[in-house]
Amino acid sequence: MRIKSNEECLFASFKAHGSANDGYLSAIERNTGLPFDIRRVYTVINTQEGNVRGYHAHKSLFQIFFALSGKIVVHCEDINGNQECYELNDPHVGLVCGPQIWHTLTYHDNAILMVLASEGYDESDYIREYDTFKRLKEGNL
């Protein structure tokens with residue numbers, strides 16, 4: 001695995017094994033450099049072109065987003081207001097998104113999203129209101 005870092009979000013590349021004739025396999029295992037153990041996996045499928053999902057942050061959850069097919073544009077904002085957009089279009093490259101990052105995901109070309117998360121689902125970890133997210137900078141959460 002190769003990691004390209006940019007503060008709280010970073011790209012992680014996983015080696016593809018195989019060939020054009022046989023297809024490719026990427027393995028994601030413990031001790032491969034991820035900043036968390038995987039405790040939950042989920043997918044989002046059948047999204048409409050240009051559909052935007054997300055609109056939230058997490059208090060402590062780490063995630064890694066993969067576009068298994070199609071293209072997904074991930075817009076991230078940290079508590080200091082720094083913003084960055086990342087394009088996912090290679091199933092062997094994921095975007096690690098740490099806690100306290102407001103994110104939206106825009107789906108293109110029949111995209112399929114797979115997410116690996118550091119914890120199981122916990123509604124109390126979500127920050128769903130943007131105004132609440134912005135108060136993190138002042139330490140008011």
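With a relative accessibility of 2%, His103 counts as buried, since residues under 20% are placed in that class. The model in which this residue sits is a predicted one, and His103 makes a useful starting point for a walk through it. His103 belongs to strand S10, and, once its neighbours within four places in sequence are left aside, its contacts are Arg53, Gly54, Tyr55, His56, Ala57, His58, Gln63, Phe65, His75, Cys76 and Cys97. One of these partners, His75, is 28 residues away from His103 in sequence, while the two C-alpha atoms are 5.5 Å apart in space.

From this one residue we can step back to the whole protein. Its secondary structure consists of 1 helix and 11 strands, and, read from the N terminus, the order of the elements is β-β-β-β-β-β-β-β-β-β-β-α. Among the contacts with a separation of 6 or more, 75% are made between residues that stand 24 or more positions apart, and the pair of His103 and His75, with their places 28 residues apart in sequence, gives an illustration of such a distance along the chain. Of the 141 residues, 38% count as buried. The C-alpha atoms fill a box of roughly 55 × 35 × 25 Å along the principal axes. A compact globule of 141 residues would have a radius of gyration near 14 Å, and the value for this protein is 15 Å, which agrees.

Strand S10 also takes part in an arrangement of aromatic rings. Counting rings whose centres lie within 6.5 Å as pairs, the protein has 7 aromatic pairs. In one of them, Trp102 and Phe133, the ring centres are 5.6 Å apart and the planes meet at 45°, so the pair is described as tilted. Because Trp102 lies in strand S10 (residues 102-117) and Phe133 in helix H1 (residues 130-134), this pair ties together parts that are 31 residues apart in sequence. Both partners are shielded: Trp102 is buried, with a relative accessible area of 8%, and Phe133 is buried as well, with a value of 0%. Together with Tyr130, Trp102 and Phe133 form one aromatic cluster.

Where is empty space left in such a structure? Rolling a probe the size of a water molecule over the atoms shows where it lies. Here, the largest pocket holds about 200 Å³ of space. The pocket is lined by 15 residues, of which Tyr42, Val44, Arg53, Gly54 and His56 are the closest to its centre. Strands S5 (40-44), S6 (52-58), S7 (63-77) and S10 each give two or more residues to this lining. Sorted by class, the lining has 7 nonpolar, 5 polar and 3 charged residues. Arg53, Gly54 and His56 have been met before, among the contacts of His103.

Further along strand S10, two residues deserve attention for their backbone. Most residues other than glycine have a negative phi. Asp109, however, has a positive phi, near 60°, and Asn110 has a positive phi too, near 55°. Asp109 lies in strand S10, and so does Asn110. Are these two residues buried or exposed? Asp109 is exposed, with a relative accessible area of 51%, and Asn110 is exposed at 65%, values which are over the 50% that the class requires. Strand S10 therefore holds buried residues, including Trp102 and His103, as well as the exposed residues Asp109 and Asn110.

Technical notes: Residues numbered from 1 in each chain as written. Predicted model: local features only at pLDDT ≥ 70, side-chain atom pairs only at ≥ 80, totals over all residues. Heavy atoms only, no water. Phe/Tyr/Trp six-rings, centres within 6.5 Å; stacked < 30°, edge-to-face > 60°. Helix = DSSP H or I, 4+ residues; strand = E, 2+ residues; numbered from the N terminus. Buried < 20%, exposed > 50% of the residue type's maximum accessible area, 1.4 Å probe, protein only. 1 Å grid on protein atoms, 1.4 Å probe; cavity = no way out; pocket = protein on both sides within 12 Å on 5 of 7 lines; lining within 4 Å. Points joined across faces, edges and corners; volume = space filled by probe spheres on them. Nonpolar A, V, L, I, M, F, W, Y, C, P; charged D, E, K, R; others polar. Rg over C-alpha atoms; globule rule 2.2 N^0.38 Å. Contact = heavy atoms within 4.5 Å.
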